[in-house]
Structures are given as structure tokens and as C-alpha cells.
Amino acid sequence: MTNEAPAISPVLKQGANKRNRDAARKAVAVALYNGWTLVGPYNGSDTRSHWKCELKGPKCAVIEKFYSHIRGRKKKDGTVVPSPRHRDCIPSEEREAALAAWREQNGLTEEWAKDHEVL
Ligand SMILES: [Zn+2]
């Protein structure tokens with residue numbers, strides 16, 4: 001997994017500064033850690049982008065989602081409550097193991113997550 005800034009929507013690109021690129025890079029890292037890959041350009045946090053669910057269920061696919069619906073919600077104690085995934089994803093009781101396998105296969109260790117400001 002690289003730490004390059006993703007392609008940014010041409011609409012946003014005109015005004016994209018370092019902060020925008022860093023935010024896009026972080027969004028993609030958080031998504032990766034949560035089992036989503038970006039498909040096409042990143043359209044910013046207030047517009048849906050296309051994300052592919054990587055949990056390998058038979059109906060996992062590319063869907064349009066807001067980044068905020070991918071990153072999960074942080075509780076006061078710092079733990080993250082995952083967001084609902086998508087219709088017909090794998091059963092919720094299988095997701096933790098599928099996500100662990102995804103992270104393992106892609107080198108998305110806790111150290112990687114810290115280096116990429118995910119945790
Ligand atoms: Zn899925």
C-alpha cells in the first residue's frame with residue numbers, strides 16, 4: 001500500500017492545496033483500513049466518491065458513499081464504531097474476521113495505521 005495522495009476530482013483539483021491533498025490521503029488510508037478502496041477520484045468529504053467494499057462477499061461491490069459513512073464513529077474512549085457497510089454485504093458477525101484478513105493480506109498493521117494517522 002502506498003502513501004501517495006489519491007487522484008482528486010477535477011472539480012476540486014483547481015483549488016486543491018496541501019491540506020486538501022493531505023485530507024484526501026488520510027481519507028483513503030482510513031477507508032483502506034476499514035476495508036474500502038477508492039475507485040476513481042476522491043471527490044472530497046462533502047461529496048460521494050466511489051468506494052469498493054473489499055470484504056469479498058458475493059455481493060460486495062463498488063458503491064457511492066460519503067467518506068464520513070466509511071470512517072466509522074469514534075467513541076469518547078477512542079474506540080471506533082464501524083459504520084454500516086452496504087446492502088447485501090457479508091453478515092455483520094463475519095465482518096470483524098473478514099476485516100482482520102483484509103488488513104493482514106495488505107500489510108495494514110496497527111503500526112501502518114498509526115503512520116497514516118488512521119488511529
Ligand atoms: Zn461488502
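The following questions and answers examine how the descriptions of this predicted model are justified.

Q: How confident is the predictor in the protein chain, and which elements have the lowest and the highest mean pLDDT?
A: The chain averages a pLDDT of 88, and 92% of the residues score at least 70. Among the elements, helix H1 (residues 10-13) has the lowest mean, 66, and E2 has the highest, 96. Where pLDDT is low, the predicted coordinates should not be read in detail.

Q: Why is valine 39 called partly exposed?
A: A residue is buried with 20 or more other C-beta atoms within 10 Å and exposed with 12 or fewer. Valine 39 has 13 C-beta neighbours inside 10 Å, and therefore counts as partly exposed. Valine 39 belongs to strand E1.

Q: What makes the side chains of E1 alternate?
A: Trp36 and Leu38 point to one face and are buried, while Thr37 and Val39 point to the other face and are not buried.

Q: Which residues are in contact with valine 39, leaving aside its neighbours within four places in sequence?
A: Contact requires C-beta atoms within 7 Å. With those neighbours left aside, valine 39 is in contact with His50, Trp51, Lys52 and Val62. Valine 39 and glutamate 64 are 25 residues apart in sequence, and their C-alpha atoms are 9.5 Å apart in space.

Q: How do you know that E1 pairs with E2, and E2 with E3?
A: Pairing requires at least two bridges between two strands. E1 and E2 have four bridges, in the antiparallel sense, and E2 and E3 also pair in the antiparallel sense over four bridges. One bridge joins leucine 38 to tryptophan 51 in E2; another joins lysine 52 to valine 62 in E3.

Q: Why are E1 and strand E3 (62-65) said to stand at the edges of the sheet?
A: The three strands form an open sheet in the order E1-E2-E3, with antiparallel pairing. E1 and E3 each have a single partner strand, so one side of each is left without a neighbour in the sheet. Neighbouring strands are turned by 45 degrees against each other on average, direction ignored.

Q: What makes up the largest nonpolar core?
A: This core has 18 residues, and those with the most contacts inside it are Ala27, Val28, Ala31, Leu32, Trp36 and Tyr42. Helix H2 (18-33), strand E1 (36-39) and strand E2 (49-53) each give two or more residues to the core. The largest share, eight residues, comes from H2.

Q: Where does H2 lie, and which elements do its buried residues pack against?
A: H2 lies across E1 and E2, running at about 135 degrees to E1. The buried residues of H2 pack against E1, E2, helix H3 (92-105) and helix H4 (110-115). Those buried residues include Ala24, Ala27 and Val28. Alanine 31, also buried, is in contact with Trp36, Leu38, Trp51 and Ile70, its neighbours within four places in sequence being left aside.

Q: How do you know that the span of H3 agrees with its number of residues?
A: At 1.5 Å a residue, the 14 residues of H3 should span 20 Å; the end C-alpha atoms are 20 Å apart, and therefore the two values agree. For H2, with 16 residues, the reach from first to last C-alpha is 22 Å, close to the 22 Å expected.

Q: What makes H3 hardly covered?
A: Among the 14 residues of H3, the count of buried residues is one. Just after H3, glycine 107 takes a positive phi of about 65 degrees.

Notes. Residues numbered from 1 in each chain as written. Predicted model: local features only at pLDDT ≥ 70, side-chain atom pairs only at ≥ 80, totals over all residues. Core = buried A, V, L, I, M, F, W, Y, C linked by C-beta atoms within 7 Å. Contact = placed C-beta atoms within 7 Å. Axes fitted to C-alpha atoms, helices over the stretch in contact; angles between N-to-C directions. Expected span 1.5 Å × (residues − 1). pLDDT = per-residue confidence, 0-100.
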